[in-house]
Amino acid sequence: MALLLLFIFTLSLAKALPQQQHSSPPLAPDVALQWQIRGQVAMDNGLIRVTFSHEGNVIGIKYNNMDNILDFHNAYNNRAVKATNVKVVTATGDQIELSFTRYWNSSDPFSVPLNIDQRYILRRGDSGYYTYSIFERLENWPELGVDEIRIAYKALRDKFHYMAISDDRQRIMPTQLDRMTGQRLAYAEAVLITQPTNPDLKGEVDDKYQYSQENMENRVHGWVSRDPNVGFWMITASDEFRSGGPVKQELTSHVGPTTLTVFKSNHYAGKDASMRFKEGEAWKKVLGPVFIYLNSDPTGTETPGSLWEDAKNQMRIERGKWPYGFVESKEFPSSEERGSVSGRLMVRDRFAKKGQMWADSAFVGLAAPGEVGSWQTESKGYQFWTRADQDGNFFIQNIRPGNYNLYAWVPGVIGDYKYDGDVTVTAASSTNLSVLIYDPPRRGPTLWEIGIPDRKAAEFYIPDPEPTLMSHFYNNTKIQTPDKFRQYGIWARYADLYPDQDLVYNVDTDDYRRHWFYAHVTRATGSGDYQATTWQIVFRLRGPIKTGTYTLRLALASSSHGVVDVRFNNPMARRPAFTTGYWNAGRDNAIARHGIHGLYRLFNFDVPSYYLVEGDNVIYLTQRRHAGPFQGVMYDYIRFEGVE
């Protein structure tokens, strides 16, 4: 049995007051290293001072006149880095890099078979510091399972009340006490705020998953204090060390005040994304660096938005510096030691309006060799992604040397692409793959379709939440947000809309934006039980039925223990014609976690012509599992193809 573990580097964050520093002042002081009592060590560059315990945890951040911006309520033992060795890697007037290491102790039954090297870097003139980790397993070590690796900072709870994760998702947040005195809802993370310290927040729902972001958007997030006016931010310049690809959703900041960087998790993916190491399997990976950035407005006159804008600007600076040239570990290759891959992707579909078209805005990436679409659950290796231009041209740069597969998917086109053969990247290499052809799944002409093949359910009907469960987490409430799916409890609105009979969709007369519910969920009976639900797709076949094979393509944007049985024209048939199967049920939990998508799955069913009749036909989709409110699926796209 694999040992399932949760690795959390929990670093209490203490907050300090900075003057905004965007570049090194002409006479920026040297970076100093100071050894203290109880084995503590501090790095100081005149702007910030970072103090570490002898075990390698951040226990203090001094910033200008704030002695510590970290929350002192966070218990000292609530930290998972327990290093046994500390090493000064570099100590000059320009930069200090510290290494805290923890090695596996095979004689200790509680020791995890991993070596961890936690690094911290402070540079002259920087209003922040960098951190990264090197995880390693050696040959002949026992099997191991890893579900989560993250860094968590907790800022002063009496100072930091304003949180920002994007231009439109930023607001004054409830406190941890507000959550403790609130009403727990259908799952532990969701709490109705009933007795808030800020009365404006009464009646809102707080849930950390409401603030998730896709990897490609998760660049900067954090907290702002108004007295003093200080911002604390987590900046991630690259996704290469994150798991699951560019659209995997991950936690950001939430009530605590807590700020995270999640390197690997099963969020919105389930156990399919767990890292499983066999006995004897060696492995090494560098996680990070990420940049912990502090900024301020000494006058106290600017708004939290100004500190957010400055943090975004710093994020752009950090992205421009990637890969960082100052990292001392030989495990982190410099830009000169990396390579690039380029090419052009074309989509070829003879039944589409354009038989051939360039893959406009395609996601193109390199990840560990595997099956088509395996990058969604891959986390042991590195991933490198880009977006193609309107003519299908793509260029992936700063790739670590290694052996990869090239994967792609195109918004508006069903299925996944994988390049035949491996792509080997070496130092300073430049590989041009020329024109690549993607032939998406297709057998015959489209007779009808529902939705948009974009791996999300956002285009379908998303109801308004219950007024008593609404959260105002968008800073501009005048804008009608398309993200209603982030509100709590909208899955339960299905029973309100369809109390007795299930959804019936006519492909000739209905509009999926208004008539197709965003999630195929169970129906609450009102007595604590839940019912399986059967949706109907009504369509007309005109003229004689062609003898041969039709095709039903069912693309799922998410599956939370959901199993869909498919029947044609007879809802009482003892056995379904097709099923997505228990083995593909999925556990991404995106319905409960306001995700609008989890893992993408595509099912292609061959439909014999004798299943159909001339005139009106009905496809019955039964989501059969009904143990609770969150079992179900979200459809991405459904297409029915005729005989060629």
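Two strands pair if DSSP finds at least two bridges between them. With that in hand, welcome to a set of close-ups of this predicted model.

**View 1. Strand 40 meets strand 43 in a mixed, five-stranded sheet.** Strand 40 (residues 564-568) and strand 43 (residues 615-623) are joined by five bridges and run antiparallel. To find your place along the pair, look for Arg567, whose bridge partner in strand 43 is Tyr620. Step back a little and you will see the open sheet to which both strands belong, ordered 34-38-43-40-41. Its edges are strand 34 (504-506) and strand 41 (578-579); each has a single partner strand, so one side of each is left without a neighbour in the sheet.

**View 2. The whole protein, for orientation.** Before going further, it helps to have the overall picture in mind. The protein holds four helices and 44 strands. Its radius of gyration is 26 Å, close to the 26 Å that the globule rule gives for 644 residues, so the protein is as compact as a globular protein of that length. Along its principal axes, the C-alpha trace spans about 85 × 60 × 50 Å. Of the 644 residues, 59% are buried. Among contacts between residues at least 6 apart in sequence, 73% link residues at least 24 apart.

**View 3. Strand 17 between strands 11 and 18.** Strand 17 (residues 220-226) is mostly covered, with six of its seven residues buried. It pairs with strand 11 (residues 160-164) in the antiparallel sense over four bridges. Strand 17 is also joined to strand 18 (residues 229-235), again antiparallel, by seven bridges. Strands 17 and 18 make a hairpin, with two residues between them. Trp223 is a handy landmark here: this residue of strand 17 is the bridge partner of Met163, and Trp223 also stands opposite Phe232 in strand 18.

**View 4. Leu287 and the largest nonpolar core.** The largest nonpolar core has 99 residues, and those with the most contacts inside it are Tyr129, Tyr153 and Leu406. Strand 23 (residues 283-296) gives the most to this core, contributing eight residues. A second, separate core of 61 residues includes Tyr494, Val507, Val564 and Phe603. Now zoom in on Leu287, which lies in strand 23. Leu287 has a relative accessible area of 3%, under the 20% limit, and therefore counts as buried. Leaving out residues up to four places away in sequence, Leu287 touches Tyr132, Ser133, Phe135, Ile149, Phe241 and Phe263. For scale, Leu287 and Ile165 are 122 residues apart in sequence and 21 Å apart in space, C-alpha to C-alpha.

**View 5. Leu406 and its surroundings.** Leu406 is one of the residues with the most contacts inside the largest nonpolar core. Setting aside its neighbours within four places in sequence, Leu406 is in contact with a list of residues that includes Val341, Val364, Leu366, Phe394, Tyr417, Tyr419, Val423, Leu433 and Leu436. For annotation, UniProt places the feature "domain: Rhamnogalacturonan lyase" (unreviewed entry) at residues 360-433 and 446-640. The span 360-433 is 0% helix and 45% strand, and its end C-alpha atoms lie 17 Å apart.

**View 6. Tyr461 in a loop.** Tyr461 sits in the loop between strand 33 (446-451) and helix 3 (493-497). Is this side chain's residue buried or partly exposed? With 30% relative accessibility, Tyr461 counts as partly exposed. Not counting residues up to four places away in sequence, Tyr461 touches Leu497, Tyr512, Arg513, Arg514, His515, Trp516, Phe517 and Tyr518. Lys484 is 23 residues from Tyr461 in sequence, and their C-alpha atoms are 10.0 Å apart.

**View 7. An antiparallel sheet of four strands.** This open sheet has its strands in the order 2-3-4-5. Strand 2 (32-35) and strand 5 (58-63) stand at the edges with a single partner strand each, so one side of each is left without a neighbour in the sheet. Neighbouring strands of this sheet are turned against each other by 15° on average, direction ignored. Strand 3 (residues 41-44) and strand 4 (residues 48-52) pair in the antiparallel sense over four bridges. Within this pair, look for Met43: its bridge partner in strand 4 is Val50.

Technical notes. Residues are numbered from 1 along each chain as its sequence is written. This is a predicted model: local features need pLDDT of at least 70, side-chain atom pairs count only at pLDDT 80 or more; totals for chains, interfaces and linings use all residues. Side-chain values use heavy atoms; hydrogens and water are left out. UniProt positions are given in the numbering used here, feature names are shortened, and annotations may be inferred rather than shown by experiment. A nonpolar core is a set of buried Ala, Val, Leu, Ile, Met, Phe, Trp, Tyr and Cys residues joined through side-chain atoms within 4.5 Å. Buried means under 20% relative accessible area, exposed over 50%, partly exposed in between (1.4 Å probe, protein chains only). Contact means heavy atoms within 4.5 Å. Axes are lines fitted to C-alpha atoms, for helices over the stretch in contact, and angles run from 0 to 180 degrees between N-to-C directions. The radius of gyration is taken over C-alpha atoms; the globule rule is 2.2 Å times the number of residues to the power 0.38.
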